[in-house]
Amino acid sequence: MIRFRAANSYGTNGIIDDLSGKLYDAFNTAVERGHPEIYKEVYAFIQKQLAKAFQERAREVISQFIYVPSFLYARHVANTAVSNYLLSNSIVFFSTLSSFAGSGGRGLKDVGPEYQFDFFNGVISLLHYALQHPDDTVLKNGLQEFQHIRGTGFPDHFNTRLRIIRANTAEEKLAIHNNSEDIHKVEILHRRTTLALYSWAVLLFANNVISLERFKLLVSSLNPQYQYFEDLLSDVIFIRKNEVGGYLGLSGWDYMERPSGVVYNPPSAYYWVLEGMVFYLLSGSNPHFDTRAVSDDRDFSFLHNGVKEVLTWLEQSISKWGPALGLIQGDIYSQKKRTEEIFQERSREILNVFQQLKLLHDRNENKSLADEPLSKDRIEEFRQLLFKSWDKQNFSISLFEQFSKVKPVVEEEGLDFMGIRFFVPQFRKMLVENNYQQIYGAGDIGSQAGRIIDANFIRLISREYSEEAETVADIETGLKQAFSKFENKDFKPDLIIIPPEAIYKTNLTELKDYRRSNEPNDIGSMGFYKEVPIITFYAKNLTNQVIVANFENAFKFTMYESEKLISKRLSVTIRPISKEEIENELLAPSSRKDQDGFELTEEEARGRLATTMYIELGIWGKFEIVEREAAFFFLLTLSSD
C-alpha cells in the first residue's frame, strides 16, 4: 500500500507518476501475454490506491490515478474481453467509491469540492470513450450503474425553487440559487456530466460516428432528468462559460483522429452542448418553466439566436433526426407532412421560451443601465476610439492637406455638416462601469463618418462634370483624352482619381506609361500614369468615375476649426436621448420591436429607449471647385464580374 504524505508535501509527484506508469505498463504487459488474472490483480491494486487516496485526501495520488481507467480502456478498446472488463468493473468501482469516498458516511459529500470534481473528471473521461463501446449490453449496464452515482437528489428542491420565485430582487434569487448549488455540488456535477455525455452522443450521431440504434440506446440510457427548466438552463450556460477553463476536460474531446501537422478547430462544447439541449427539448422532454424561478444571465441575449440556428439545422435534415426524435415511424414520405408539423410545433414552443428569457434579460439590463450614471472615463475613451477610426478613414482631408488646399475658419456659418447623427439603442452599456459591455464594431461609427466626407467630395465633382462626361470602354483612351485637354494650359495634371475596381477590372497596370508605387508613403497609392500619382477613395459613390486634375488649381476645402473640437476639427456629441425624444420615438411603430423583431410592450419599449444614446460625429466644411478647367472627368465601362 502507498504511504500517503500530507497534501502540501513536496517531492511526491515524481514518485507517484513513476508508480502509476509502472502499473500501467504492468497491466498492458499482462494483457499482451494473455494473463487475465494478473491484469485484474494489477487493476484491483490501482483501485485500492485510488479509494485510499480519496479517504486520506491525497490529491496528488488522485490526480495520477483517476484517469488510469480511461487510459487503459482507450488502449484496449479493440480487445472485447479486456474492454468489457474495464468498462463494467470501472463503473461499478466508481459507483461504489461515490458511496465510500469520505469517512463520514455520506460518500462524495464528505470530501471537498476539488475531490468531487476530480472524481467526475475520471468518470466522464472513461464514459465519453465508452459511448462507442462495441457491446450494447455491457454499455447499457455501465450507463445504468452510472446513474446510481447521482446521490441523494434534491429533497429541498421544491422549497428552494419556491423561495426563488418569491424573492423580490434578482440579487436575492441569485443568492438562494448559489446557496442551493453549494449544498448539492455532487448532484449538480452528476447532472452536468450526464448532460455533457448526452450532448456528445448527439454530436456523434450528427457526424455519422454512431448508428441510429446506438444513438437511441445512449439517449434513453443517459436521459437527463430535468424537472425544472432553470436547472437545464443553468447547466448549459455553466458548461458554455467554463469549457475553455478545462471544465470536465470537454475542450479536449474529439470524435476522430486528426492528421498531425494540420491546423483544425476541434468540436467546442460551447456549441455542441446547445445542440444536446435542443435535441433533449425536442424529444418531448418538458421541464417546468417559470420565468420567476430563473436567475437572469447575460447569456440569454445569445441563446435565442443559437437555439434558432440549431433548430434550423435539425429541420434541414429532418429525415435523419425525425426517427431519432420518434417523429417518424415507417414510411417517411407518407408521414413527412405530419412530422414537419410536430417538429414546428415543438420548435415554436422552445423558441417562445428563449424569447421570454431574452426579453427578461433585456428588461433587467435596460433598468440597470438606465439607473447607472454614465462614466466620464468611458465616454472619453469612446470619443478617442471614434477619432482614431475617423482619422484613418477620411482620405480627402489628408489629400487636401498634401496639396496645402485646406482653409481653416473660426465660424461654422456657410459650411456643411459632414458626418452622422443618430440614436443607438442600448448603447449606454458601453459608457458605464458596473454594467459595461463591449459592443464590437462600435469604432466603425468613426469610419462611417469619415467616409461621408469622401462621399461629399466625390458627389461635388460628379454633379459638376457628369452631364458632359464621356463613357469609354478602355481606360487608356480616357486617360489620353484627359491629358490632351491640358496640353495648351499653364498647368499639367498632378493627380488621377479612379474607383477601386479599376485597378483589376481594366488593363491599367499593363499600360506602357503605368508604373507601380515603390514606396509605402507615395501619394500614388494605386501607382502612377505618366508619373502622375493615382489614388482612390472607398466611397460608395465612386463607382465608375475617373478624375484627372491639376488638384492645386482645381479644388479647395474650407473647414471649421476650434480648440473645443478633437484635434481642433472633429465634433463629437454623446448624450442620452431626452424625455421629449423618447416620447417622439414611441410614436414610431419601429420603437415597439427590438433588434430581433420581437414585439415590446410600452414599458419594455420605454426601458429600451432609456438606454439609447444620441451620437453626433462629424466636421463642418465645404468642398469647392475653384478652376473648372483644371479637372477632366470621364466614365468607365467596368465588367460586372
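**Figure 1. Leu248 sits in the loop between H12 and H13.** The model shown here is predicted. Phi of Leu248 is near 55 degrees, a positive value in a residue that is not glycine. Most residues other than glycine have a negative phi. Leu248 counts as buried, at 2% relative accessibility.

**Figure 2. Arg57 also has a positive phi, of about 55 degrees, although it is not a glycine.** Arg57 belongs to the loop between helix H2 (36–55) and helix H3 (59–65). Its relative accessible area is 24%, so Arg57 is partly exposed. The cut-off for buried is under 20%.

**Figure 3. The whole protein chain, for orientation, has 24 helices and 12 strands.** The C-alpha trace spans about 105 × 70 × 60 Å along its principal axes. The radius of gyration is 34 Å, whereas a compact globule of 641 residues would have one near 26 Å. Buried residues account for 50% of the 641 residues. Of the contacts with a separation of 6 or more, 80% involve residues 24 or more positions apart. The chain exposes about 31700 Å², and carbon and sulfur atoms supply 48% of that area.

**Figure 4. Phe117 and Tyr247 form one of the 45 aromatic pairs found in a search of the whole structure.** The ring centres of Phe117 and Tyr247 are 5.6 Å apart. Their planes meet at 35 degrees, and the pair is tilted. Phe117 lies in helix H6 (residues 113–130). Tyr247 lies in the loop between helix H12 (229–242) and helix H13 (269–282). The pair therefore ties together parts that are 130 residues apart in sequence. Phe117 is partly exposed, with a relative accessible area of 25%. Tyr247 counts as buried, at 7% relative accessibility.

**Figure 5. Phe457 and Phe551 form an edge-to-face pair.** The centres of the two rings are 6.1 Å apart. The planes of Phe457 and Phe551 stand at 65 degrees, so the pair is edge-to-face; the cut-off for that class is over 60 degrees. Phe457 is in helix H19 (residues 444–465) and Phe551 is in helix H22 (residues 551–554). The pair links distant parts of the chain, 94 residues apart. Both Phe457 and Phe551 are buried.

**Figure 6. Ring pairs link eight named aromatic residues into a cluster: Tyr198, Phe205, Phe215, Tyr226, Phe279, Tyr280, Trp313 and Trp321.** Phe, Tyr and Trp are each represented in this cluster.

**Figure 7. Charged side chains lie over aromatic rings at Tyr270 and Phe486.** The charged end of Arg240 sits 3.8 Å from the centre of the Tyr270 ring. Lys489 lies over the face of Phe486, 5.9 Å from the ring centre.

**Figure 8. Arg75 and Glu32 meet in one of the 31 salt bridges found across the whole structure.** Side chains of opposite charge can pair when their charged atoms come close. The closest N and O atoms of Arg75 and Glu32 are 3.1 Å apart. Arg75 is in helix H4 (residues 68–76) and Glu32 is in helix H1 (residues 12–32). This pair links distant parts of the chain, 43 residues apart. Arg75 is partly exposed, with a relative accessible area of 42%. Glu32 counts as exposed, at 58% relative accessibility.

**Figure 9. A salt bridge joins the side chains of Glu433 and Arg378.** The N to O distance is 3.5 Å. Glu433 is in the loop between strand E2 (416–424) and H19. Arg378 is in helix H17 (residues 376–393). The pair links distant parts of the chain, 55 residues apart. Glu433 is partly exposed, with a relative accessible area of 40%. Arg378 is buried, with a relative accessible area of 18%.

**Figure 10. Glu581 and Arg575 meet through their side chains in a salt bridge.** The distance from N to O is 3.0 Å. Glu581 is buried, at 19% relative accessible area. Arg575 is partly exposed, at 28% relative accessible area. Elsewhere, Arg191, Arg192, Asp231 and Asp235 are joined into one network by salt bridges that share partners.

Notes
Residues are numbered from 1 along each chain as its sequence is written. Side-chain values use heavy atoms; hydrogens and water are left out. Rings of Phe, Tyr and Trp (its six-membered ring) pair if their centres lie within 6.5 Å; planes under 30 degrees apart count as stacked, over 60 as edge-to-face and the rest as tilted. Helices (H or I, at least four residues) and strands (E, at least two) are DSSP runs, numbered from the N terminus. Buried means under 20% relative accessible area, exposed over 50%, partly exposed in between (1.4 Å probe, protein chains only). A charge sits over a ring if NZ of Lys or CZ of Arg is within 6 Å of the ring centre and within 35 degrees of the ring normal. The radius of gyration is taken over C-alpha atoms; the globule rule is 2.2 Å times the number of residues to the power 0.38. Contact means heavy atoms within 4.5 Å. Accessible areas come from the Shrake-Rupley method with a 1.4 Å probe; for residues, only the protein chains shown count as cover. A salt bridge is a side-chain nitrogen of Lys or Arg within 4 Å of a carboxyl oxygen of Asp or Glu.
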